[in-house]
Amino acid sequence: VGAAVATVTSTDALTWTTRTNATVADLFGIGSPGTGSAVVVGAGGAIATSSDGTTWTAQTSGTTKNLYGAVYGNGRYVVVGAAGAVLTSTDGIAWTVVAVNTTNDLRSVGFGTQTTTTGTGASATTVTTNTFVAVGAAGTVLTSNDGLTWTLRTALSANTLNSVTFGGQFVTVGNAGSIFT
């Protein structure tokens, strides 16, 4: 993902093959359910999808805002971008713009599933929580359990947060060496 017509793929991370994009927009982010399919996002609301990583099809996003990050989780893609843009799709083709309570640029979105067990034995209760986290300018953090309804959280920093990931816990990084868990 990068400047116009610069999608490359690899099965071993050693040998890379250039692919022709369905868009000439600069591309900034990619999300995948891990099945070989993917969604790429970029400048001017560009979205393209692929079922195999080699053939790409442009989709209509419903926005002209730059889109910076994409993730797949809990049966849906979530895309974030400039001026608080959040879009969601269950198939990567039909996109819905979702209202959120910020106009700050959103730079990245992550997804994680956490399981919590309380009690013991027969009275034990296990709860699984799916969470999307979007981060961006001025330390902006938004959370959602379904990708449709978002809650603006207290800013973590005055610095822009550029990326978020989940590996048992959410970790976000940003400008000036910012790292938050």
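Visitor: Tyr77 and Trp95: buried or exposed?
Guide: This is a predicted model, and the answer refers to that model. Tyr77 and Trp95 share one status here. Both residues are buried.

Visitor: What is the relative accessible area of Tyr77?
Guide: Buried means under 20% relative accessible area. Tyr77 falls in that class because its value is 6%.

Visitor: Is Tyr72 partly exposed or buried?
Guide: The buried class ends at 20%, and exposed begins over 50%. Tyr72 has 27% relative accessibility, so the residue counts as partly exposed.

Visitor: How many aromatic pairs does a search of the whole structure find, and what type is the pair of Tyr72 and Tyr77?
Guide: The search finds six aromatic pairs. The ring centres of Tyr72 and Tyr77 lie 4.8 Å apart. Their planes stand at 70°, and over 60 degrees counts as edge-to-face. So the count is six, and the type is edge-to-face.

Visitor: What type is the aromatic pair of Tyr77 and Trp95?
Guide: Centre to centre, the distance is 6.3 Å. The planes make 45°, which is neither under 30 nor over 60 degrees. The pair of Tyr77 and Trp95 is tilted.

Visitor: How many residues apart in sequence are the parts that this pair ties together?
Guide: Tyr77 belongs to strand S8. Trp95 sits in the loop between S9 and strand S10 (96-97). The pair therefore ties together parts whose separation in sequence is 18 residues.

Visitor: Which residues do ring pairs link into a cluster?
Guide: Tyr77 pairs edge-to-face with Tyr72. Tyr77 also forms the tilted pair with Trp95. The cluster holds Tyr72, Tyr77 and Trp95.

Visitor: How many of the residues of S8 are buried?
Guide: Arg76, Val78 and Val80 point one way from the strand. Tyr77, Val79 and Gly81 point the other way, and these residues are buried as well. S8 is mostly covered, with a buried count of six of its six residues.

Visitor: Which residue in the hairpin of S7 and S8 takes a positive phi?
Guide: Strand S7 (residues 67-73) runs antiparallel to S8, joined by six bridges. Ala70 has Val79 as its bridge partner in S8. Two residues lie between the strands, and the positive phi, near 55°, belongs to Asn74.

Visitor: What is the bridge partner of Val79 in S9?
Guide: S8 and S9 are antiparallel and pair over four bridges. They form a hairpin with four residues between them, where Ala83 in the turn has a positive phi of about 55°. In S9, Val79 is bridged to Leu87.

Visitor: Which backbone nitrogen does the side chain of Ser89 reach at 2.7 Å?
Guide: Ser89 is placed in strand S9 (residues 86-89). Its relative accessibility is 2%, so Ser89 counts as buried. Its contacts beyond four places in sequence are Arg76, Tyr77, Ala94 and Trp95. At 2.7 Å, its side chain reaches the backbone nitrogen of Gly92.

Visitor: Which strand gives the most to the largest nonpolar core?
Guide: This core has 13 residues, and those with the most contacts inside it are Val78, Val86, Val109, Ala134 and Trp150. Two or more residues each come from strand S8 (76-81), strand S11 (106-118) and strand S12 (125-136). With three residues, the strand that gives the most is S11.

Visitor: How many residues are in the second, separate core?
Guide: Its members include Val41, Ile47, Leu67 and Ala70. The residue count of this second core is ten.

Visitor: How many bridges join S11 to S12?
Guide: The two strands form a hairpin with six residues between them, and Gly119 in the turn has a positive phi of about 80°. Thr118 has Thr125 as its bridge partner in S12. S11 and S12 run antiparallel, and the number of bridges is twelve.

Visitor: What is the bridge partner of Phe132 in S13?
Guide: S12 pairs with strand S13 (residues 141-144) over four bridges, in the antiparallel sense. Four residues separate the strands in their hairpin, with Ala138 at a positive phi of about 55°. The partner of Phe132 is Ser144.

Visitor: Which strands stand at the edges of the open sheet of four strands?
Guide: The order is S3-S4-S5-S6, with antiparallel pairing. An edge strand has a single partner, so one of its sides is left without a neighbour in the sheet. Those strands are S3 (27-31) and S6 (57-59).

How values were computed
Residues numbered from 1 in each chain as written. Heavy atoms only, no water. Buried < 20%, exposed > 50% of the residue type's maximum accessible area, 1.4 Å probe, protein only. Polar contact = N/O pair within 3.5 Å; in protein donor to acceptor, adjacent residues only side chain to side chain. Contact = heavy atoms within 4.5 Å. Core = buried A, V, L, I, M, F, W, Y, C linked by side-chain atoms within 4.5 Å. Pairing = 2+ DSSP bridges. Phe/Tyr/Trp six-rings, centres within 6.5 Å; stacked < 30°, edge-to-face > 60°.
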